[in-house]
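This report invites the reader to look through one protein structure, step by step. Please keep the sequence and the three-dimensional view at hand while reading.

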Amino acid sequence: MTGTTPRPASAAERIESLDVMRGIALLGIFVMNMPGFSGSFFLPEAVIRDKMDEAGPLDAWVHLANAALLEGKFNGLFTLLFGMGLALQFRRLSGLDGGAIVARRLMVLLAFGVAHTALLWHGDVLHIYAVLGVALWIVKDWRPGSLLALALALLLAQFAHGLVMAAHWSLEGHQAEQSALAGLLALDDAIYGSGTWWDGVGLRLHESWAFYADGHLQPLTLWFWLALLTTAVLGLWAQRAGWLVEGDGPTRWLTSPAGLRGLVLLFLMALGLWLLSADLSADHDSTEAPTPQVLLSGMLVDTHRVLMVLCYAGLILRWCAGRRASGLRRQLAWVGRMPLTMYLMQSLMGTFIFHGWGLGLWDQLGPAALTALALALFLGVQVPLARWWLSQHETGPAEALWRRLSYGRP
């Protein structure tokens, strides 16, 4: 800070490890969002079974690997980063009208989320982050131990959510849910698959509202909010606990041989929980009430996700503390320095390729092709574009607008 004038961090003040982590998280998110760009979110169980039966060996293996290693983990990592970033902003803006600036930043982020939903894709997460930011502001002064306890309580709330849903399960409700999903799938195929962009605007707004108003979709939405809030609080805890302070206790441990052994053990433990979860629920008939084994399976998946996010974050911080592969880190950091721009760009590219107003490749590619396409677009388009843009500007265009609206001046 200079005097008492609040300002955003300059390029020289940025923490490279966070930018690298953002770049990696954006790559994982792109891979995981590809099925949502190329096809409907709303798949009845019969459609899922048909797709799995038709999948070749490569698609089946890629789908399995993505489920175990990427799905839910990289949006969790991005949310962990959101919590870390807000914690740094809270500290920087303390006593300098920081509350007003953070409030404006969150309001602008909410506006970006609404625009993203209406104009491009109904899988937006920005509006959720805007609300989560308010929750993090409320607990920003809590001690690290209290924040860790809150994260654990939120994980237990996810468990309780599964128990409540199981207690209210009925065959009639299950059949109604599958019928509702089939109706939404038909709408998506008709409008996103071959309709105009303007038709898509109306459907996106309708489905985005349905996530919060439709009784069949509300449980999934609530669980998703709880999952993201858990990792956002963990991000706040990580910054407060000294994960980003060079030479501090957590950093010293991460870069030590004991830290590497601990992270490998954490990874194996998380992967083991996922495998056990899959085994417990493999033979369950969805037309029957959830069994105790199925409930335990859901709890193991929720725990697996949190442990995997922490493992990935620790491994990336350890990697950034070393000297090897600095060129690769630099390329990932270019993308990570403009995360809002890159996130919106991914939606633009994905919907243009698959929706009817663009190339119209709706529901034509399997998991292997979608994963390869995401990697190609990230490495072949986003990384070079980020490098070119940052050679002439300090930050990305969406980030510059966000700053301008938040601080009220250039």
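The following paragraphs treat a pocket, aromatic rings, charges over rings, cysteines, and a few individual residues. The structure is a predicted model.

## The second largest pocket

The second largest pocket has a volume of about 850 Å³. Its lining consists of 35 residues. Those that lie nearest the centre of this pocket are R14, R22, G85, Q89 and R105.

Which helices supply at least two residues each to this lining? They are helix 1 (16-38), helix 4 (73-92), helix 5 (98-119), helix 6 (126-138), helix 15 (339-354) and helix 17 (397-407). Helix 4 gives the most, with nine residues.

The chemical character of the lining can also be described. Of the lining residues, 20 are nonpolar, four are polar and eleven are charged.

## Aromatic pairs and a cluster

The model contains 15 aromatic pairs. In one of them, the ring centres of F82 and Y129 are 4.9 Å apart and the ring planes stand at 15°, so this pair is stacked; the limit for stacking is an angle under 30 degrees. F82 belongs to helix 4 and Y129 to helix 6, so the pair ties together parts that are 47 residues apart in sequence. Both partners can be placed with respect to the surface: F82 is buried, with a relative accessible area of 13%, and Y129 is buried at 3% relative accessibility.

A second pair joins Y192 and W362. The centres of these rings are 5.9 Å apart and the planes are at 50°, so the pair is tilted. Y192 lies in helix 8 (residues 171-194), while W362 lies in the loop between helix 15 and helix 16 (367-390). The two residues are 170 residues apart, and the pair thus links distant parts of the chain. Are these two residues buried or exposed? Y192 is buried, with a relative accessible area of 2%, and W362 is buried as well, with a relative accessible area of 9%.

Aromatic residues also form a cluster. One such cluster is made up of F30, F37, F41, F42, W121 and F211.

## Charges over rings

Where does the charged end of R105 sit? The charged end of R105 is placed over the ring of W402, at 4.1 Å from the ring centre. R105 was also named above among the residues that lie nearest the centre of the second largest pocket. In another arrangement of this kind, the charged end of K140 sits over the ring of W137, 4.6 Å from the centre of that ring.

## Cysteines

A disulfide is a covalent bond between the sulfur atoms of two cysteines. How many disulfides does the structure hold? The number is zero. C311 takes part in no disulfide, and the nearest cysteine sulfur, that of C320, is 14 Å away. C320 is likewise in no disulfide, with the sulfur of C311 as its nearest cysteine sulfur. For a disulfide, the two sulfur atoms would have to be within 2.5 Å, so a pair beyond that limit does not count. C311 is buried at 0% relative accessibility, and C320 is buried at 14%.

## A residue with positive phi

D363 has a positive phi of about 55°, although D363 is not a glycine. This residue lies in the loop between helix 15 and helix 16. The relative accessibility of D363 is 43%, so D363 counts as partly exposed, since that class covers values between the 20% limit for buried and the 50% limit for exposed.

## Contacts across the sequence

Three buried helical residues are described last, each with a partner elsewhere along the chain. M34 is found in helix 1 and is buried, with a relative accessible area of 0%. L86 is found in helix 4 and counts as buried at 4% relative accessibility. Q382 lies in helix 16 and is buried, with a relative accessible area of 0%. The table lists the separation of each pair along the chain and the distance between the C-alpha atoms.

| Residue | Partner | Separation along the chain | C-alpha distance |
|---|---|---|---|
| M34 | F378 | 344 residues | 12 Å |
| L86 | G235 | 149 residues | 8.8 Å |
| Q382 | M342 | 40 residues | 7.1 Å |

How values were computed. Residues are numbered from 1 along each chain as its sequence is written. This is a predicted model: local features need pLDDT of at least 70, side-chain atom pairs count only at pLDDT 80 or more; totals for chains, interfaces and linings use all residues. Side-chain values use heavy atoms; hydrogens and water are left out. On a 1 Å grid over the protein atoms alone, a cavity is a set of points where a 1.4 Å probe fits but cannot get out, and a pocket is an open set with protein on both sides within 12 Å along at least five of seven lines; lining residues have an atom within 4 Å of a point. Grid points are joined across faces, edges and corners, and a volume is the space filled by probe spheres set on the points. Helices (H or I, at least four residues) and strands (E, at least two) are DSSP runs, numbered from the N terminus. Ala, Val, Leu, Ile, Met, Phe, Trp, Tyr, Cys and Pro count as nonpolar, Asp, Glu, Lys and Arg as charged, and the others, Gly among them, as polar. Rings of Phe, Tyr and Trp (its six-membered ring) pair if their centres lie within 6.5 Å; planes under 30 degrees apart count as stacked, over 60 as edge-to-face and the rest as tilted. Buried means under 20% relative accessible area, exposed over 50%, partly exposed in between (1.4 Å probe, protein chains only). A charge sits over a ring if NZ of Lys or CZ of Arg is within 6 Å of the ring centre and within 35 degrees of the ring normal.
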